[in-house]
Amino acid sequence: MKRSFLSIGECMVEMASIADRNYRLGFAGDTFNTAWYMRRLLGGAWDVAYFTAVGDDAISTQMTDFIRNSGIRTVFVRPLPGCTVGLYMIQLDQGERSFSYWRSNSAARKLANDPSLLETALTSASLAYFSGITLAILQPEGRTELLNAISAARRKGVTVAFDPNLRPRLWDTPEMMRQAVMSAAAVSDIILPSHEDEAHFFGDAMPQATASRYAEAGASLVVVKNGPGEIVSLSGGGIGRHDPVRVDSVVDTTAAGDSFNAGFLAGYLDKEDLAPAIKAGADLAAKVISKHGALVD
Ligand code: ADP
């Protein structure tokens, strides 16, 4: 039987400035980026599915077509009448990139409003993946619904992976963000944080402190990314330290963490061998940050 990777979150329309007030249309979003790379890395023995909500307008249809044409199953991409998808714009001003977002009314904010679809999707997965951004866009009831569904699926044997992806601007207060992230950690097996964010909002002095905090929350495996720094893992086998891949000219760090997660998870699913899987994550992230854009061929 085919195994299935399910990623849960929000994909957005991306308008990236190219020149002279011209923009290139694309589709991206943290959990979607990871699904996109997973589809490329996992062989035919795996299904990759995305769980989200979109609208019923033309751009929502284009997004769903893009997801499907990437080889990702869209059976859990639910169109909501009268809604539309979120959008962000990347503007270039003398080489400096700035981002603007229009996502406060996006359909994806209602992704957890159909508990039975959530249950069907989660219990059909071998590995389910979500992030702190997935949590941030939901209302408190939706967040509870999602975490309950994940917890129930986990009790039935689904492995759960989580990237805290801390984005304080999406939360009312940093404390709400911290509480929600630690609740998500308590229902996750594999946690993939980035130390710089964690140090800032949780006060972790070193990557090892980030790893220990998430291991204490219940994760059996934590892999702490740290930009160009050493990657620290913590599992039943203890602490591991892994060299990052050196990148001489970083072009665009968009999706560094998302692609790392895909490289790592795909490698780990294959052999459950930590060091080569972390190397695969770092290799893919190094390739992605050497080029422009979130989705790099
Ligand atoms: P995020 O994008 O989630 O903030 P990080 O910045 O920690 O995540 O980066 C994720 C991974 O991407 C790192 O573990 C590393 O493998 C790679 N990476 C990021 N920045 C660099 C860099 N400057 N040089 C080499 N690798 C990098």
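# Note on pockets, cavity and ligand site

1. The lining of the second largest pocket (an open set of points on a 1 Å grid over the protein atoms alone, with protein on both sides within 12 Å along at least five of seven lines; lining residues have an atom within 4 Å of a point) is made up of 10 nonpolar, 5 polar and 4 charged residues. In this classification Gly counts as polar, and Asp, Glu, Lys and Arg count as charged.

2. The model is predicted, with local features needing pLDDT of at least 70 and side-chain atom pairs pLDDT 80 or more, while totals for chains, interfaces and linings use all residues. Residues are numbered from 1 along each chain as its sequence is written, and side-chain values use heavy atoms, with hydrogens and water left out.

3. The second largest pocket holds about 400 Å³ of space (the volume filled by probe spheres set on the grid points). Its lining comprises 19 residues, and those closest to the centre are Glu14, Ala16, Arg24, Gly293 and Ala294. Two or more lining residues come from each of the strands (DSSP runs of E, at least two residues) β2 (12-19), β3 (22-28) and β6 (87-93). Of these, β3 provides the largest share, 5 residues.

4. The largest pocket has a volume of about 1,500 Å³. Among its 47 lining residues, Arg167, Thr253, Thr254, Ala255 and Ala256 are closest to the centre. Elements giving two or more residues to this lining are α1 (30-41), β7 (96-102), α7 (195-202), α9 and α10. By class, the lining of the largest pocket splits into 23 nonpolar, 11 polar and 13 charged residues.

5. Where does the ligand sit? The ligand is in the largest pocket, by the rule that more than half of its atoms lie within 2 Å of the grid points. Its shell has 15 residues (a heavy atom within 4 Å), of which Ser194, Gly227, Val245, Gly257 and Ala285 come nearest. The helices α9 (256-271) and α10 (274-289) each contribute at least two residues to that shell. Sorted by class, the shell around the ligand contains 10 nonpolar, 4 polar and 1 charged residues.

6. Three polar contacts (N or O atoms within 3.5 Å) can be listed for ligand oxygen atoms. The side chain of Ser194 places an N or O atom 3.0 Å from an oxygen atom of the ligand. For Gly227, a backbone N or O atom is 2.8 Å from a ligand oxygen atom. For Gly257, a polar backbone atom is 3.0 Å from an oxygen atom of the ligand. The ligand on its own has 550 Å² of accessible area (Shrake-Rupley, 1.4 Å probe), and the protein covers 82% of it.

7. The count comes to 1 cavity of 30 Å³ or more (a set of points where a 1.4 Å probe fits but cannot get out). The largest cavity has a volume of about 30 Å³. Its lining consists of Glu10, Cys11, Thr52, Ala53, Val54, Met63, Val85, Gly86, Ser106 and Ala108. Strand β4 (residues 46-54) gives the most to this lining, with 3 residues. Divided by class, the lining of the largest cavity has 6 nonpolar, 3 polar and 1 charged residues.

Conventions: Polar contact = N/O pair within 3.5 Å; in protein donor to acceptor, adjacent residues only side chain to side chain. Helix = DSSP H or I, 4+ residues; strand = E, 2+ residues; numbered from the N terminus.
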